Every structure is written in structure tokens, then in C-alpha cells.
Amino acid sequence: MRTSMMSRMLLAALANACMMSLAHAAAATKPDGDQGPPMGPPIHAVLTSPPNVPPPTHRNHPAKVIVDLEVKEVEKEISEGVRYTFWTFGGTVPGSFIRVRQGDTVEFHLRNHPDNKMPHNIDLHGVIGPGGGAASSFTAPGHESQFTFKALHQGIYVYHCATSPVGMHIGNGMYGLMLVEPPAGLKPVDHEYYVMQGDFYTVGKYREKGLQPFDMQKAIDEKPTYVLFNGSEGALVGDNALTAKIGEKVRLFIGNGGPNLVSSFHVIGEIFDKVWYEGGTHQQENVQTTLIPSGGAVIAEFHTVVPGSFVMVDHSIFRAFNKGALAILKVSGPEDKTVYSGKEVDSAYLGDKAQSLAVVSQVEASTEHGTLTLDQQVKAGGALFNGTCSVCHQSNGQGLEGVFPPLAGSDLLAATPRRAVQIVLNGLSGPLTVNGKTYNSVMPPMSQLNDDELANILTFVTHSWNNKGPEAFSAAEIKAARAATPRPPGAAE
């Protein structure tokens, strides 16, 4: 009798345990963000252009959120004097930043401007559903599509166009970020910024002036002309640099639209306090450089301690200084010499990105109209010289005693000024006598610079520091010299 009762009690306990396990399993399979139907009136999402981020949702309940996003095909500068036709979400590269809360029901409206030439759609990586919304949002010019999804998972998610050929649409700038806040929101910080990397493929070489079309073969071969933050070389430098003050906390939402390259994102002179890697819920601390896959994103936070210009780069470093992947955060406030001495070398370290290159655009416009003057070329060449040549030859052209020969008052340039074309294209090494002194160093070829840039730099050098230069150098002259110069395989053209 007692044994039978104990058996029944044991069976009941096992049954209860099984039921509890099943209940826990069912709860575990229920998405964290599915917190029931939306509450309150519908909310129209605030969308912002980069590098700005919409304000936090500040809600303790899920809501119906309406997102209105328009596709625009626009021609803009990708670099000084270089135009490109971008395909965009909201008129910018990257596209408008979208911010919702986990558990929200999002009613998404995608409009394709009637002046556009191509059909487009949108694939949001934060959507659970076929194509991330792409299957429901194919939209012809002049039309609008609508679909609805529930934001089930918190995190920072890439969105992009997925219309065929997908790589071409992404490569023309069709990507952006959507933040799905956790139910409790993110902790307050002093600044939130939106930065997104992308690789671009133009028919012309890096900084070749004029309107540049998309190069499909370069894209297929994964050989980008530009690697950029926020769609242009000037997007986050100079007057467009990000800003903060000493003692503030900065949160970066960093995405990588690709379409091809992985980003090695790094802020020179800072260490990330926290990085939510791959856009998920786990975090790493004290991070120097974080990998961001194509089609991925991270959230990175750090606090400012000393003032100065902090340079953001893709640490695949040729992309930063030779393809454009460089941005600046300017931190203001008193120095703390116990942390850092305070010496800055912005102009040497940042190259020509330390200043405005608007004069280069002016030269391009004047060239097109046949009104280019010597003074314009000298000014443009000076800006480029300060970013490319002044580290060795110094901004005053005096060079470095015993190491790099002077360009100011150079008897070498005075005797054979056109020889300068061959020197900058092919480099120079071995003993060299300038103004009665011997120098023995190496000047590498500067053939990565385009014909316009070299013509402007040489014009500046030969018409500055009391040099009595000849007539201005022309891009046509540089092009002819380049074509006549044999180069080993793999050398810059």
C-alpha cells in the first residue's frame, strides 16, 4: 500500500517536472521581443541622415511604428572634383537611420521616386521573413510598397537593396542601419553617431576628376577605387568632423555596407570601453580594433580623456590613406599632460584630409570651362603638396638637412624644371647634389597620384619659394610622360 502510494507520488512528481520542462521549452522558443500587440496610437519613426542618430524611444511598451523611406538616385561628390551617381535610401549614403524598440510592430512604406531610373527594394537584416522584406518591397519608379514586421530581436542591423544585380545596388550606396533597442533602452551617453563604411568602384582611378560611372568588373574582381565612411572622402573630416568634449561618453553605431570588404575599424589614440560585436547582445571590453563583416554592424562606446583630433580608419591601412577610409573626431577641452603630452601633428599625419580641398574642385570646374589660371593651379597644388610631400620636404620647401634636398630655391629645378615630372613619377635614389650640398636618400614613385594632382603639385613647387618656374604643368603632359614610362608588373600606373 505504502509502496503503491510512493510510486504514485513519484509518477506525479515526474509528470510535473515534465510539464514544467515543456513550459520552459515553450517559453524559450518564444521570441524575446514578442511582447504582445502594440499599445497606444501609431508612432511615425524619426529618421535621421548620417552621422546623426534619432533620439531614444523612451517607451516601456511595444507600439505600432510607421516608417516612411524614399529611394532617391542622386549625383553627388565622392571626392573633391569627382562626381558619382549614388542610389540611396533617403538621399544619403548611408541611408536614413531607423530606430525602434524590441517588440514594436513596424509598418514599413518604401517609395521609389518617380525621377529614378531603376526598380528597388529593401532587405532589413532585423526582419524575420523572406528576404528580410525584399520579397514584399519590390518597387518600380513612381510607386510605393508596404509591408509589416515585428521587431523580435534587439541589436544593430544593416539594411540594403536586394534588387538584381544586388552587388551593383549595394555598391552604389544602397545600405543603412536599423537599431532595435532592448526593452529597457540603452544607457544614456553624451553623443551617438552613425558611421558606415562602403567600398566603391569607379571607371576612373582614385580621385580622377569628373563624373565617374560604376565599374562592374572592378566590383566583381573586388578591387575598389574608394573605401569610404558615409559615402565621400569629405563626409567626416574638416568642418564635417564629429565632435565631443573632454569627459564625455561617445557611442558609435558602425556598419559595413560592403558590398565586398571586411572592415578593421579603429580609432587612432582611443580604446573602446565596450564593443557589442557583430551587432548582438554580447560585448567585449578594452578593444583596439574591431572586425565588421560586410553586411554587419557593431556598437562601440568610449570616453574622452584628452583633447585632439582622433582619426577613425579602416586599419587595412592603404584603404585609409590611399582610398579614403578616414574620419575625424575632434575632442575639445583642457590638456591632461599626465595622460598625454599634447603635441599634435595633424597636418603630417592626416595628409591632405587635414584641410579643405575645395580649391581642387574649383580647378576642375575652371578646367571644364577653359578658364583655369596659374594662380588656381598653384593654390590647388599647395593644398595637395601639404598633404602629400611636406612631411619630407617641409611646408616651407626647405627639406631636411642632410636627408631630403630643398625644393625652395633649388638649382636642380631651375636648371631642368621639366625633369621634375620624371622624378615624381619614377622616384629617385642615390647621391644628389642640390645647391652645393650632397643628399643620399630615397624618394619613392608618386605614381599613385593622378595626372591632375601631379600637374598641380609641380606647378605649385616651381612657382613657390622664389622658384622661377616655367609655364604651368598640364595633366596632358603628365599623362604622356606616364604612358612613355615602362613599369614593372604591379607598379602603380
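This report walks through the main features of one protein chain, from its overall make-up to its sheets, one helix and some salt bridges.

## The chain at a glance

First, a caution: what you're looking at is a predicted model. The chain has 493 residues, and 48% of them are buried. Its secondary structure comes to 12 helices and 23 strands.

How much of the chain's contact pattern is long-range? Take the contacts between residues at least 6 apart in sequence: 69% of them join residues at least 24 apart. As for the outside, the chain exposes about 23100 Å², with carbon and sulfur atoms supplying 58% of that area.

## A six-stranded sheet

One sheet to look for is open and has six strands, in the order β12-β10-β14-β19-β16-β17, with mixed pairing. At its edges sit β12 (226–229) and β17 (284–287), each pairing on one side only. Going from one strand to the next, the twist averages 25 degrees.

Inside this sheet, β14 (residues 249–258) and β19 (residues 296–303) run antiparallel to each other and pair over eight bridges. If you want a spot to zoom in on, find valine 250, which stands opposite phenylalanine 302 in β19.

## A five-stranded sheet

There's also an open sheet of five strands, again with mixed pairing, ordered β13-β21-β20-β15-β18. Here the edge strands are β13 (242–245) and β18 (289–292), and each has pairing on one side only. The twist averages 20 degrees from one strand to the next.

Strands β15 (residues 263–268) and β20 (residues 308–314) are an antiparallel pair held over four bridges. One landmark in that pair is isoleucine 268, whose bridge partner in β20 is valine 311.

## A greasy patch and a nearby loop

Val305, Val339 and Tyr340 make up a nonpolar surface patch of about 260 Å². Valine 339 belongs to the loop between β21 (326–332) and α5 (346–350). Is valine 339 buried or partly exposed? Its relative accessible area is 48%, so it counts as partly exposed.

## Helix α10 and its cover

Helix α10 covers residues 419–426, and its buried residues are Ala420, Val421, Ile423, Val424 and Leu425. What covers them? The cover includes three helices, α9 (411–415), α11 (451–462) and α12 (475–483), along with strands β22 (428–434) and β23 (437–443). After α10 comes glycine 427, which has a positive phi near 80 degrees.

## Salt bridges

A search of the whole structure turns up 17 salt bridges. One of them joins arginine 418 and glutamate 477, with N and O 2.6 Å apart. Arginine 418 lies in the loop between α9 and α10 while glutamate 477 is in helix α12, so this pair ties together parts that are 59 residues apart in sequence. Arginine 418 is partly exposed at 31% relative accessible area, and glutamate 477 is partly exposed too, at 23%. Elsewhere, salt bridges with shared partners link Arg99, Glu181, Glu192, Arg251 and Glu301 into one network.

Two other pairs are worth a look. Lysine 337 and glutamate 335 meet at 2.8 Å, N to O; lysine 337 counts as exposed at 57% relative accessibility, whereas glutamate 335 is partly exposed at 45%. Glutamate 75 bridges to arginine 83, where the closest N and O atoms are 3.3 Å apart. Glutamate 75 is partly exposed, at 41%, and arginine 83 is likewise partly exposed, at 31%.

Terms used:
Residues are numbered from 1 along each chain as its sequence is written. This is a predicted model: local features need pLDDT of at least 70, side-chain atom pairs count only at pLDDT 80 or more; totals for chains, interfaces and linings use all residues. Side-chain values use heavy atoms; hydrogens and water are left out. Two strands pair if DSSP finds at least two bridges between them. Helices (H or I, at least four residues) and strands (E, at least two) are DSSP runs, numbered from the N terminus. Axes are lines fitted to C-alpha atoms, for helices over the stretch in contact, and angles run from 0 to 180 degrees between N-to-C directions. Patches are made of residues with over 30% relative accessible area and no salt bridge: like charges are joined within 9 Å, nonpolar side chains (Val, Leu, Ile, Met, Phe, Trp, Tyr) within 5 Å. Accessible areas come from the Shrake-Rupley method with a 1.4 Å probe; for residues, only the protein chains shown count as cover. A salt bridge is a side-chain nitrogen of Lys or Arg within 4 Å of a carboxyl oxygen of Asp or Glu. Buried means under 20% relative accessible area, exposed over 50%, partly exposed in between (1.4 Å probe, protein chains only). Contact means heavy atoms within 4.5 Å.
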